[in-house]
Amino acid sequence: MNSEYYPWGGDFTVCTLNGCVAVVLLTVDYTPPETVAIYGPLKTENIGIEKIIANVISNPYIRYLILCGDDIRGHRSGSSLYSLYKNGIDDTHRIIDAPGAIPYIENLSTEALERFQRQIELVNLIGVTEKGKIDEVVQNYIARSPPSYGEPYIAIRIKPEKNVQITDTRALHSKIILDYKGKIKKRGS
């Protein structure tokens, strides 16, 4: 593994360092050809997506991301990644229109997300599980052989802008007394 291109690690296989295609596997039994740059599964609609974005933009040769297989129930990570590519995130860091349970991007800057949207073309094959069909699309995009996007973009984890120090150690409701049923018996002052 070349840590320069894939600094965030994860569950993936590196094939060709200057390959132009990355393949994201949802629920599918498929192994891409060795001519892709990288491939691996996507399980979660937050940290998993962040790792894919960080690693893809770190390798400027990757210009196509092929998303294939059946989406993962509950997480809907594939559809959430596609929503992020198309729509970005809102002010609360939630992926706009993502169907996933917890589709929040907390560890990447807006600049990193925008780089991802510009650098790659996302090919949506969600629902496609047949090896022959996926192979055909993968080979088609490999054959395009576009130039590198430029310099690698190394996404670093965002640190909180400020820490809040709480000096008041009193509990908000320390003077409330409850009976055995959980009802308020007495409020203190």
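What percentage of the 189 residues in the protein is buried? The answer is 42%. Keep in mind as you click around that this is a predicted model.

**The whole chain**

Start with a cartoon view. You should find 4 helices and 7 strands, and walking along the sequence gives β-β-β-α-β-α-α-β-α-β-β. If you switch on contacts with a sequence separation of 6 or more, 70% of them link residues 24 or more positions apart.

**The sheet**

Next, select the open sheet. Its 5 strands are ordered β1-β3-β2-β4-β5, with mixed pairing. At the edges sit β1 (13-14) and β5 (121-126), each of them paired on one side only.

Now pick out β4, residues 64-69. Colour it by accessibility and 6 of its 6 residues come up buried, so the strand is largely enclosed by the rest of the structure. On one flank, β4 runs parallel to β2, and 5 bridges join the two. Its partnership with β5 is parallel as well, this time over 6 bridges.

Tyr-64 is a handy place to see both pairings. Show it as sticks: Val-21 stands opposite Tyr-64, while the bridge partner of Tyr-64 in β5 is Glu-121. Then slide along to Gly-69, whose bridge partner in β5 is Ile-126.

Bring in helix α4 (residues 131-144) now. It packs on the sheet and touches β2 (21-25), β4 and β5. Compare directions and you'll get about 180° between α4 and β4.

**The loop after β4**

Follow the chain out of β4 and stop at Asp-71, in the loop between β4 and α2. Is Asp-71 buried or exposed? It counts as buried because its relative accessibility is 17%, and the cut-off for buried is under 20%.

Turn on the side chains here. Asp-71 has a polar contact of 2.5 Å with the side chain of Ser-79, and another, of 3.4 Å, with that of Arg-76. Widen the selection to everything touching Asp-71, skipping neighbours within four places in sequence, and you pick up residues including Leu-26, Thr-27 and Gly-78. Ile-126, the β5 partner of Gly-69, is also in contact with Asp-71.

**Inside helix α2**

Move on to α2, residues 77-87, and select Leu-84. Leu-84 has a relative accessible area of 2%, so it is buried. Which residues surround it, leaving aside neighbours within four places in sequence? Leu-84 is in contact with Ile-49, Ile-53, Ile-89, Ile-95, Ile-105, Leu-113, Phe-116 and Gln-117. Try a distance label on the last of these: Leu-84 and Gln-117 are 8.5 Å apart, C-alpha to C-alpha, with their positions 33 residues apart in sequence.

**Where α1 meets α3**

For the last stop, show helix α1 (residues 47-58) together with helix α3 (residues 110-119). Their axes come within 10 Å and cross at roughly 65°, and the crossing is left-handed.

Zoom in on the side chains at this crossing. From α1 come Ile-53, Val-56 and Ile-57; from α3, Ala-112, Leu-113, Arg-115, Phe-116 and Gln-119. Colour the contact by class and you'll see 6 nonpolar, 1 polar and 1 charged residues. Some of these should look familiar: Ile-53, Leu-113 and Phe-116 are among the residues in contact with Leu-84.

Technical notes:
Residues numbered from 1 in each chain as written. Predicted model: local features only at pLDDT ≥ 70, side-chain atom pairs only at ≥ 80, totals over all residues. Heavy atoms only, no water. Pairing = 2+ DSSP bridges. Contact = heavy atoms within 4.5 Å. Axes fitted to C-alpha atoms, helices over the stretch in contact; angles between N-to-C directions. Buried < 20%, exposed > 50% of the residue type's maximum accessible area, 1.4 Å probe, protein only. Left-handed = near helix turned anticlockwise from the far one by under 90°. Nonpolar A, V, L, I, M, F, W, Y, C, P; charged D, E, K, R; others polar. Polar contact = N/O pair within 3.5 Å; in protein donor to acceptor, adjacent residues only side chain to side chain.
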